[in-house]
Each structure stands twice: as C-alpha cells, then as structure tokens.
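Me: Could you take a close look at one part of this model for me, namely the salt bridges? I'd like the pairs and their surroundings in one connected answer.

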Amino acid sequence: MGSTLEDGEGLIGSKEFERTNSKNSAWKKLLKSFLSHVGLLVTLMMYTILGGLLFYELEYPEEVNNLRRFEQLVREERQAFVEAVSVQVAAHNETNEHAQTQLDELLARYERAVQEAASSGVLVPLADQRPVHELTKWTQLQAIFFAVTVLTTIGYGNVAPATGIGRGCCMLFALVGIPLTVTVIADVGRLMASALPPLTAPAPRQPFVSAVAALALLLLFLAVGACFFAVLEPSWRFFDAFYFCFITMTTIGFGDLVPQTPKYMLVCTVYIVAGLGLTSTIIELVRQQYARSWRQLQALAEMLARLADDADRTPSKAGRDLIRAELRRAALALQDKAGWQQAVDRLVSDIKRTPPAPPPPVIQIVVYESSV
C-alpha cells in the first residue's frame with residue numbers, strides 16, 4: 001500500500017515537474033524572442049545615437065566658424081556701402097556716372113554677401129544680435145535625426161556634412177548602418193505582418209480586398225502621424241503634415257518640409273522606423289497583388305490566343321463546339337465575383353498543362369493492278 005502511494009505521489013510530482021518545465025520553456029522562448037527583437041532595435045538606436053554625436057562633434061565647430069565668417073562679411077559689405085553712399089551725398093555727386101557705377105557695384109557685392117550668409121544660416125538683417133551658437137543647424141538632437149535620415153536612406157538634405165572628414169565618416173556610417181537598419185525594418189515588418197494575419201496571409205480568398213484594406217491601414221497610420229506633426233509644428237496644416245509623413249514613409253525625402261522642433265526628434269525617429277516597417281510590408285502585399293493580376297491577364301490572353309489558333313485549325317462542328325465550351329467556361333470564371341480568383345487560377349493551371357500530342361497523319365496508299 002505504501003509503495004502504491006509513493007508511486008502515485010511520484011507520478012503526480014513528475015506531472016507537476018513536466019508542467020512547470022513546460023511553462024519555463026515557454027517563458028524562455030518568449031523571452032528569447034523578445035530579446036532578439038529588442039536587441040536589434042537597441043543596437044540600431046545605440047549606433048544611431050553614437051553616429052549622430054560623432055557628426056555633431058565633426059560639423060558643429062565648422063558651422064560656427066562659417067557663421068562667424070559670413071556674419072563678418074555682411075557687416076563689412078554693409079559698412080562699405082553705407083560709407084560710399086554717405087560720401088556721395090556729402091559731395092553732391094548724384095549726377096556723376098562714375099560714382100553711380102561704383103554704388104551699383106558695392107550694392108551687388110552686398111547683395112551677394114547677404115545671399116551667401118542667408119543660405120548658410122545667418123539671419124539677415126543682423127539687428128536682433130542673436131549669438132552664433134543659436135543659429136547653428138548642427139545641434140545634438142538634429143545630428144541624431146540626421147543619422148536616422150542617413151540610415152533609412154530618406155536623406156532630406158536640409159542638413160548635410162560640409163567637412164571632408166564628416167563626409168568620409170558619413171559614407172562609412174551608412175555602409176555599416178544601412179544593412180543593420182534594413183534588418184531592423186524587416187524584423188518590424190514581420191512583427192506587424194504576424195499581428196495582421198487577415199491582410200498578410202499567403203493565399204487570401206480575396207487578395208484585392210486585402211490589398212485595399214492594407215492601403216487603408218497605411219493611410220490611417222499616416223493620418224495619425226499627420227495629426228501629431230500638425231499639433232507640434234505650428235506652421236503646418238494637416239495636409240502639410242500628411243504630405244511630410246507620406247514623403248518620409250516612402251523614403252522619397254524631398255526635404256521641402258522638415259520638422260523644426262528638436263524636442264521630439266526621438267519620437268519622430270520611432271515613428272519613422274515603425275512606419276517604414278509597416279509601409280514595406282503593405283507595399284510588398286500590393287506588389288504581390290499586381291504580379292498576381294498580371295499573371296492572370298497573361299494567362300487569359302494566352303488562352304484566347306490558343307483558342308483562336310484551334311479555331312483556325314478545327315473546321316469540324318465538334319471542334320467548334322469544344323472551343324465555344326472553353327470560351328463559356330472563361331466567361332463564367334470572370335463573371336463569378338465571389339470565386340473568380342479560384343476559377344481563373346484553375347484556368348491558368350489548365351493552360352499551363354502540356355497539350356495532348358496531335359494525332360499522327362493518315363497516309364493513304366493506293367495500289368493499282370493492271371494486266372498487260
């Protein structure tokens with residue numbers, strides 16, 4: 001009796017151990033999967049931040065020097081122009097052609113200096129007396145955001161390295177970081193695809209409807225981002241923000257509209273990475289639908305061409321009836337709105353089957369007998 005109880009207790013303990021071990025194994029798999037996804041994202045974030053800080057250290061001092069140089073140039077040219085005008089007025093030489101030509105040349109030089117200074121970031125006029133470091137484009141957050149645009153191949157172009165070493169580091173940074181970014185975006189896309197099985201199933205019953213639903217989801221994602229940017233960018237209307245989101249998610253990156261508030265650059269970075277994963281998944285789904293539709297059109301065209309050839313070679317009534325039956329079957333397949341996909345696929349498979357070999361030709365041999 002004691003042995004039986006001990007065996008029963010041992011069996012129960014074994015089952016509890018198996019259940020506990022199974023739960024631990026499931027948690028370990030879940031933790032491993034989570035860490036693998038998070039590890040990729042954290043690696044990309046650290047690489048981006050370090051790269052951005054590197055660009056900041058390389059480009060910020062050079063930008064400050066350029067701003068000071070252009071500011072001084074504008075001040076000197078303006079002073080020269082003011083002095084020349086003062087001398088002319090004092091001497092009453094308004095009718096002197098030489099003096100007028102000199103003023104025109106000085107004004108042109110001043111305008112060129114203003115244009116160069118404005119393109120480099122110097123505010124004109126200089127009356128507000130803002131310090132140079134407040135005019136720089138290369139802040140730390142802006143440098144990190146620049147690193148994001150490099151790795152995602154968006155490349156707005158509003159901020160770019162100007163030093164030789166900065167441009168060299170940019171090429172090396174992109175060479176190493178772009179494959180890593182593509183890997184992370186693909187991983188994010190797989191996670192989103194697994195979260196949207198009705199839209200990304202390998203063979204959905206209605207692929208066209210799935211593609212339209214996926215596009216609607218993308219537009220919704222862009223609209224949410226547009227609301228976010230329209231609130232944080234006072235000068236942007238909703239359409240401007242939506243345009244920016246679309247140009248960014250498709251990696252077109254014109255750079256005509258770029259966020260100017262650096263406080264939320266990191267939030268913008270997360271939105272871009274997540275959006276690129278979603279966009280790449282949806283674009284691939286739509287591309288598959290395009291390819292499937294094109295294959296169906298090719299198959300139908302091939303079927304009609306084959307039936308036309310058969311009609312030319314089949315003068316008999318039975319052959320013509322067979323051709324009519326094939327045409328009716330194709331017409332019914334196109335009219336079946338619920339299952340036209342499956343019907344057309346069956347037609348495609350029928351077309352791709354090897355046609356039967358034609359019957360051997362009949363040779364008639366006529367033998368004449370004659371008596372001489």
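Reply: Let's start with burial: a residue is buried under 20% relative accessible area, exposed over 50%, and partly exposed in between, using a 1.4 Å probe and protein chains only. By that yardstick Glu-77 is buried, at 11% relative accessibility. Before going on, a word on the source: this is a predicted model, where local features need pLDDT of at least 70, side-chain atom pairs count only at pLDDT 80 or more, and totals for chains, interfaces and linings use all residues. Residues are numbered from 1 along each chain as its sequence is written, and side-chain values use heavy atoms, with hydrogens and water left out.

Now the pairs. A salt bridge here is a side-chain nitrogen of Lys or Arg within 4 Å of a carboxyl oxygen of Asp or Glu, and the structure holds 3 of them.

Glu-77 has Arg-109 as its partner, with 3.1 Å between the closest N and O atoms. This pair ties together distant parts of the chain, 32 residues apart: Glu-77 sits in helix α1 and Arg-109 in helix α2 (residues 97–119). Helices, by the way, are DSSP runs of H or I with at least four residues, numbered from the N terminus. While Glu-77 is buried, Arg-109 is partly exposed at 40% relative accessible area.

Helix α1 also hosts a local pair. Glu-71 and Arg-75 join their side chains in a salt bridge at 3.2 Å, N to O. Both belong to α1 (residues 2–91) and are 4 residues apart, about one turn of the helix. Arg-75 comes out as partly exposed, at 27% relative accessibility.

That leaves Arg-237 and Asp-240, whose closest N and O atoms are 3.3 Å apart in their salt bridge. The two ends fall into opposite classes: Arg-237 is exposed, with 56% relative accessible area, whereas Asp-240 is buried at 15%.

For a polar side chain away from these pairs, try Thr-279 in helix α8 (residues 265–313). Thr-279 is buried, at just 3% relative accessibility. A polar atom of the Thr-279 side chain lies 2.6 Å from the backbone oxygen of Gly-275. Setting aside neighbours within four places in sequence, Thr-279 is in contact (heavy atoms within 4.5 Å) with Leu-218 and Met-249.

Note on methods: Helices (H or I, at least four residues) and strands (E, at least two) are DSSP runs, numbered from the N terminus. A polar contact is a pair of N or O atoms within 3.5 Å; within protein, one must be able to donate a hydrogen and the other to accept it, and residues adjacent in sequence count only if both atoms are side-chain atoms.
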